[in-house]
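Hi,

Here is the structure I promised to pass on. Have a look at it first, and then read on for what turned up inside.

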Amino acid sequence: MAIDEIKNEENISSNFIHEFIDEDLANGVYSRIQTRFPPEPNGYLHIGHAKAICINFGVKEKYRGICNLRLDDTNPTKEDTEYVEAIEEDIKWLGFDYDNVYYASDYFDFLYECAIKLIKKGKAFVCDLTPEEQREYRGTLTEPGKNSPYRDRSVEENLELFERMTNGEFEAGSKVLRAKIDMASPNLNMRDPIIYRIMFASHHRTGDKWCVYPMYDFAHPLSDACEKVTHSLCSLEFENHRPLYNWFVNELIEGEKPRQIEFARMNLNYTLTSKRKCLKLVQDGIVDGWNDPRMATLSGMRRRGYPAEAIRQFCEKIGVSKAYSVIDFAMLESCVRDNLNQNSPRAMAVIDPIKLIIDNYPEDKSEEIEVEYHPDHEEYGKRTVPFSKELYIERDDFMIEPIKKYRRLYPGNEVRLYKAYFVTCTGYDLDENGEVAAVHCTYDPETFGGDAPDGRKVKGTIHWVNAKDCVQAEVRLYDRLFNVENPSDEEGVSSFEDNLNPDSLVKKTAYVERALGDTKPGDKYQFMRLGYFCTDTDSTNEKIVFNRTVALRDSFNKKVNN
């Protein structure tokens, strides 16, 4: 392969889907554009789905077309209305509006008629081979398959047997309906694939009406065609299924047919997106439900405080290609951080507190300091922060014996208290365990606001909260759930436990400033010098809970590499 061809293969234009659509419109293949987002309601949407959502709805917006939500509910044993509701909520939260909501089960009668049509055309047959025998007859990538001994049943016999399958006369697994294509095809998907199987399971929408259910490869293209989808956009693992997709629509659909286009799925390191494995995490209690802030689900990211705009920006930033790649989680965090930096009000919180006592500050004195919520957003307004003799500061803002270049409090050193005064450390108290219990200092009354009239400078500024009227809160410090880059490659339950990050969740009792006492779930803040935080859905009037969304700067890669 030539160098130019390699470059072209690896760096396909980020809008190659749009180029294909433009070509179809120019050639008169379609006069309008319609896409769909077709998840199976067997789990919650994850960050990989966000890419597919942005692509499908992005096409709708660019071409002023239609994009429907279609729930692929062809497997009743794994599907639930809980997942349907979660999917709808996540799409709307991301900022997209679907034109219609459809279900694959809406087309069960139509799909059944299509199966009958294939039988009558002599292109489908009822097969009695066991699953093990079907695998044996299928062949390999290098060897052709063998025809089923039941392949040459007459049309009349196949119609009768399929009707009896539908009436529940046979056990599950004893018979299937297969398309009759080519057992010697180099594409294994074309070797007489199963299109209907017997399944005695109650469906969340159709109840017990059916005991035969269509396979995905049969239902999907025909549902697309039934809805008048023009471009069926899907991830790259379905590329080998495209010939089968086209075979079904060509055999069964008259007139305009949908075109399947594949793109590379999103692979994000340190995350797990397999619904089966995510369900295992939930069922085993390793995480606190599908919306645990450590999960790669959209509901988990929403609860953690990720803005929808940041996820859309991330999807736009990585672009659309056909080349396999693994995206660094730090890129997603960077998009989240940039968005929150621009849009989050500032506040002061102390998550590992020690008391700071200003010995020369009057006992009965208290001041109200006016502080803006955001330096670049006047419309966010201001709040007053009380200041008095006793404060809380971060434990790591004081050292008895400072390390080199340490610019915070230590005996004899002067620092600035944010928006308040210069203070000089004069001593400290130890508790019974030898830990620092309180730090003592004096303040310079002439330095209110953070500047000294004599022009002297200090090298350190620290934040604080007022001890008398601060609000106690629980702060949950979240990190990545796994210590390995590709947890999806690890098989077995033990691998989840072996590769879990023990520091993925650390809970702290913290103090936050008074203004945060009436915070509501979903409210986002930058806690000065600490990171970006979001009020959790667990919060109540009696107990406020904040989730750390992301640190002020990326620190995980340093921990991994050290």
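Let's start with the enclosed spaces: there are 4 cavities of 30 Å³ or more. A cavity here is a set of points on a 1 Å grid, over the protein atoms alone, where a 1.4 Å probe fits but cannot get out, and lining residues have an atom within 4 Å of a point. Points are joined across faces, edges and corners, and a volume is the space filled by probe spheres set on them.

Before going further, a caution: this is a predicted model, where local features need pLDDT of at least 70, side-chain atom pairs count only at pLDDT 80 or more, and totals for chains, interfaces and linings use all residues. Residues are numbered from 1 along each chain as its sequence is written, and side-chain values use heavy atoms, with hydrogens and water left out.

The largest cavity has a volume of about 160 Å³. It is lined by 16 residues, and Y270, T271, R294, M295 and A296 are the closest to its centre. Two elements, α10 (275–283) and α11 (298–304), give two or more residues to that lining; helices (H or I, at least four residues) and strands (E, at least two) are DSSP runs, numbered from the N terminus.

The second largest cavity comes to about 60 Å³. Its lining includes Y216, D217, H220 and P221, and α8 gives the most to it, with 4 residues.

Now for the open side. A pocket is an open set with protein on both sides within 12 Å along at least five of seven lines, and the largest pocket has a volume of about 1100 Å³. Of its 34 lining residues, E40, H49, E237, F238 and K275 are the closest to the centre. The largest share of this lining, 4 residues, comes from α3.

One residue to look up is S235, in strand β8. Is S235 buried or exposed? It counts as buried because its relative accessibility is 15%, where buried means under 20% relative accessible area, exposed over 50% and partly exposed in between (1.4 Å probe, protein chains only). The side chains of S235 and E237 are joined by a polar contact of 2.9 Å, that is, a pair of N or O atoms within 3.5 Å, where within protein one must be able to donate a hydrogen and the other to accept it, and residues adjacent in sequence count only if both are side-chain atoms. Setting aside neighbours within four places in sequence, S235 is in contact (heavy atoms within 4.5 Å) with E262, F263 and R265.

Cheers
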